[in-house]
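Here are a few exercises to work through with the model open in your viewer. Try each task before reading the solution under it.

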Amino acid sequence: MRLDNWFITNPDTSQQEVLKVPINQNLIVKGAAGSGKTNMAIYRANQAGNNTFVIVVYTVALKKMIRYGLSELGLDKDRVVHEWSWINRGIEISGDLFCLKGNNNYGLNKDVLILKNGTHIQYFVSCTEDDATTSLKVSIDFDDWVEDRFYYTFYRRARWFKEVDIPRDLNFDQNDENKFVFIPAGYLFKAKGEVNYVIVDEGQDFTLSNYSQNFIPQAKKSITIFGDTNQKIYSDRNCNIEDIATQFKFPMLNLNFNYRVPKTIAKIAQKIPIPNLDLISQNRKNNGNSDFPSFPKPIIKKCNSEKDELQYILNRIRTEALDDVAILLPKEEKVKEVHEFFSQHNIGTQVRIAIDAGLTPFGNRKFRRIDTLDFTNLDLPSILTYHSAKGTEFDNVFIPFSEEDNSLSRNTFYVAVTRASSRVFITYSRKLTSLLKDVSSNDIVSQ
């Protein structure tokens, strides 16, 4: 993602109407893909004037992207959390987590943790939850695929640690494997503390009970919800943005303009939802000059096999030296498959997946997490599911395996197509998805 282009510095008239609403007032903001909802969520956080806000999202990928925007405004980037963490954990503290080697049954020291965030190093020692010290207190949690040795040493959300000055003679060096152990699935989190303002991005991803039980009661002063019903992609969450406004009697504003999707792509994207949308009349991409030939038409490519689809993507990236690329896929199994294909061809990628690493000595299944998502790196293609790509944007988007028999839903496919800010390539090898049946042949390039 070109984050410098993504982040809005001059809000338009409809965005300004959002910012005119006092931060202490509840508000719902509705806007189509590319209308600037996530940017407005970050600006809304800035209106709080302090760090008593929290931005709640549903995906880790979107959390990483919002961290950039918060940092740009000088706000605490850890104040964006995904839903599960908010309900079960607290405020996650970003950084890589280490412990010391020790003499317990797993060769670890259970009383010292080290957090490295860039060049900033923090040290924590074990304490009781009701320790009266004014030091920052944290606890530890893990991804589901944590190794047994870490789980049985630190447990999950059960032990507390307080921040201390550099312990004597510790001399932290993450490359010293004789002394320090990286915890690849570990996170530190702190208590939620004072939360005056809850801001929810992609609000259609949550249930009404999420709002009534976990979001609204914890907002002491106000809640702001941003969303788009047409991007609702979880079938078990019957939550339209309009339903939220009706249920809780919150006022609603609309973001009127589209800045991401060029008219060339908008022509096919607007035909995917039912009823069809209008992504053209209020299109301000490139100051409204984003139709053909200023921007290329979407390419729909028929290949002989799924492997040929991936080879086609690889060839286009190489021959055209494409950067800021995303490859969007319907399921995580496909993410692993594409990641392996690119690895076999010595092409680095950005990806977040769990790899099955076999059984532990205790007979439990062990997983290894690969998380290399870095939206500031334009050189390495990002491989994401449609779900994980929500809220993101890329110059060049490839959507392989767009088959009728893959049972693609309208909303998820709409999300995938509207991630593209310049070009989109849709490939298939059997029968093209019927979600594109209403697209005019004049608006695409068929190959």
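**Exercise 1. Place Tyr-152, decide how open it is to solvent, and find the patch it helps make.**

Start with the secondary structure: Tyr-152 lies in helix H6, residues 148–154. Helices here are DSSP runs of H or I with at least four residues, strands are runs of E with at least two, and both are numbered from the N terminus. Residue numbers start from 1 along each chain as its sequence is written. A caution before going on: this is a predicted model, where local features need pLDDT of at least 70 and side-chain atom pairs count only at pLDDT 80 or more, while totals for chains, interfaces and linings use all residues, and side-chain values use heavy atoms, with hydrogens and water left out.

Next, the accessibility. Tyr-152 counts as partly exposed because its relative accessibility is 38%; buried means under 20% relative accessible area, exposed over 50%, and partly exposed in between (1.4 Å probe, protein chains only).

Last, the patch. Tyr-151, Tyr-152 and Tyr-155 make a nonpolar surface patch of about 280 Å². Patches are made of residues with over 30% relative accessible area and no salt bridge; like charges are joined within 9 Å, and nonpolar side chains (Val, Leu, Ile, Met, Phe, Trp, Tyr) within 5 Å. A salt bridge is a side-chain nitrogen of Lys or Arg within 4 Å of a carboxyl oxygen of Asp or Glu. Areas come from the Shrake-Rupley method with a 1.4 Å probe, and for residues only the protein chains shown count as cover.

**Exercise 2. Work out which side of helix H2 is buried and what the buried residues pack against.**

First, list the buried residues: in H2, residues 13–20, these are Ser-14, Gln-15 and Val-18. They sit on the same side of H2, because they cover an arc of only 105 degrees around the axis. The arc is that of the directions from the helix axis to the C-beta atoms. As a reminder, an α-helix has 3.6 residues a turn, so residues three or four places apart point the same way.

Now flip the helix over. The face turned away from the buried side of H2 carries the exposed residues Thr-13 and Lys-20.

Then look at the partners: the buried residues of H2 pack against E1, H3, strand E13 (222–227) and strand E14 (252–255). Contact means heavy atoms within 4.5 Å.

**Exercise 3. Explain why helix H12 counts as largely enclosed, then name what it packs against.**

Count first: 7 of the 8 residues of H12 (residues 410–417) are buried, so the helix is largely enclosed by the rest of the structure. The buried ones are Asn-411, Thr-412, Phe-413, Tyr-414, Val-415, Ala-416 and Val-417. These pack against helix H9 (263–269), strand E16 (325–329), strand E20 (394–399) and strand E21 (420–428).

**Exercise 4. Hunt for backbone oddities: which prolines follow a cis peptide bond, and which non-glycine residues have a positive phi?**

Take the cis bonds first. One joins Ile-274 and Pro-275, with omega about -5 degrees, and another joins Phe-292 and Pro-293, with omega about 10 degrees. Pro-275 is in the loop between H9 and strand E15 (299–302), and Pro-293 also lies in the loop between H9 and E15.

Now phi. Asp-324, although not a glycine, has a positive phi of about 45 degrees. Asp-324 lies in the loop between helix H10 (306–319) and E16, and is buried, with a relative accessible area of 2%. Phe-401 has a positive phi of about 60 degrees. Phe-401 is found in the loop between E20 and H12, and is buried too, at a relative accessible area of 0%.

**Exercise 5. Describe the surroundings of Ile-241.**

Ile-241 lies in helix H8, residues 241–248, and counts as buried at 0% relative accessibility. Leaving aside neighbours within four places in sequence, Ile-241 is in contact with Ile-28, Lys-30, Gly-203, Gln-204, Gly-227, Asp-228, Thr-229 and Met-252. For Met-252, 11 residues away along the chain, the C-alpha separation from Ile-241 is 9.2 Å.
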